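Please open the model in your viewer and keep the selection panel at hand. The stops below are meant to be followed in order.

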Amino acid sequence: MNAHWIQCFSQFNLVVRADNQPRTIVRVGDIEIGGGDFVVMAGPCSVESERQTLDTAVAVAKHGARVLRGGAFKPRSSPYAFQGLGKAGLIILAKAREITGLAIVTEVMSERDVELVSEYADILQIGARSMENYSLLEAVGRSGRPVLLKRGLMAKLEDLLRSAQFILECGNPDVILCERGIRTFETATRNTFDIAAVPVLNAVSHLPVVVDPSHAAGIREIVPILARASAAVGADGLIVEVHPAPQQALSDGEQSLTFSGFSDMMHDLEPYLSLRRSLADAELLATQGGR
Ligand code: PEP
Ligand code: MN
């Protein structure tokens, strides 16, 4: 690690990667996040209805997603916007898992709900707005469930790793870091996708790193391009919003892919993933040859 990174990150001893330390693999059933596969998590921003969620689950599973995303508890910036279905949404997600075999990732917003959400979810999502909610971090740290920790809107990578350290300190080693764009002076995209976050986090931490190109971009058309960039820079996977009819979505329709948009994205990712596999094989051969 270079001197600057040592200065920024070395105090987070549980999340910083020591020399020769193996990467953390977060296991969810037979899914390995951080183990070399590119794991795609996809689904609607919000669980709106059983039909919408089940249709989306079937479509994303068919095109290679391994995890279904969908918010039942929604952090909306307006009190007048759709706030999510709460427990009814969790029940719908569990039904989608039963039908498709997809694992479930869903947001928990309050420490009060950690127990309830843990009953239904395979992975607990900490949203960008909650990255610094330390009592929530403590609660998910004790939950026994893997956690997908999103980078805060105004958070430095140092802040993200500080929050990750909190969760590990509470006894939970299964943390997945998520780059989802940050606020800058740029307004052409919803947030600014910090592509360098992926190689920096990979260099300094042993935790898996996934990218959310939907919230980074805010614009459907560039989501697949950012997805390809994520694969090229070494992300362990993606979390992407998909909706059966994005123009009718109750949240984040402008950035949600249609089913065919998702299928095209997965198809166009394949050459990048195959290149990654060849590079990983070549690296393995080189290490074995050097023994
Ligand atoms: C979401 O995943 O729908 C969400 C609200 O994300 P973020 O916390 O990154 O804004
Ligand atoms: Mn969203």
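Which ligand 1 atom is 3.0 Å from an N or O atom in the side chain of K74? Select K74 together with ligand 1, and you will find that the ligand atom is an oxygen. Before going further, note that this is a predicted model, in which local features need pLDDT of at least 70 and side-chain atom pairs count only at pLDDT 80 or more, while totals for chains, interfaces and linings use all residues. Residues are numbered from 1 along each chain as its sequence is written, chains are lettered from A and ligands numbered from 1 in the order in which they are written, and side-chain values use heavy atoms, with hydrogens and water left out.

**Around the ligand**

Stay with ligand 1 and display the residues that surround it, namely C45, R69, K74, P75, Q125, G127, A128, R129, K150, R180, H215 and E241 (a residue is near a molecule if one of its heavy atoms lies within 4 Å of it). Turn next to A128, where a polar backbone atom is 2.7 Å from an oxygen atom of the ligand, and then to K150, which places a polar side-chain atom 2.8 Å from a ligand oxygen.

**From α5 to α6**

Now select helix α5, residues 134-141, and helix α6, residues 157-169, whose axes are 7 Å apart and which pack at an angle of about 45° (axes are lines fitted to C-alpha atoms over the stretch in contact, and angles run from 0 to 180 degrees between N-to-C directions). That angle makes α5 oblique to α6, a word used for angles that are not under 35 degrees, over 145 or 65 to 115. Show Y134, L137, E138, V140 and G141 of α5 with R162, S163, F166 and I167 of α6, for these make the contact (heavy atoms within 4.5 Å).

**From α6 to α7**

Keep α6 and add helix α7, residues 197-204: the two axes come within 11 Å and cross at roughly 45°, so α6 is oblique to α7. The residues to highlight are L157, L160 and L161 of α6, facing A197, V200, L201 and V204 of α7.

**The last pair**

Finally, select helix α9, residues 223-232, and helix α10, residues 259-289, whose axes come within 9 Å and cross at roughly 15°; α9 and α10 are therefore roughly parallel to each other (angles under 35 degrees). Their contact includes P224 and A227 of α9 and M265 and D268 of α10.

Technical notes:
Helix = DSSP H or I, 4+ residues; strand = E, 2+ residues; numbered from the N terminus. Polar contact = N/O pair within 3.5 Å; in protein donor to acceptor, adjacent residues only side chain to side chain.
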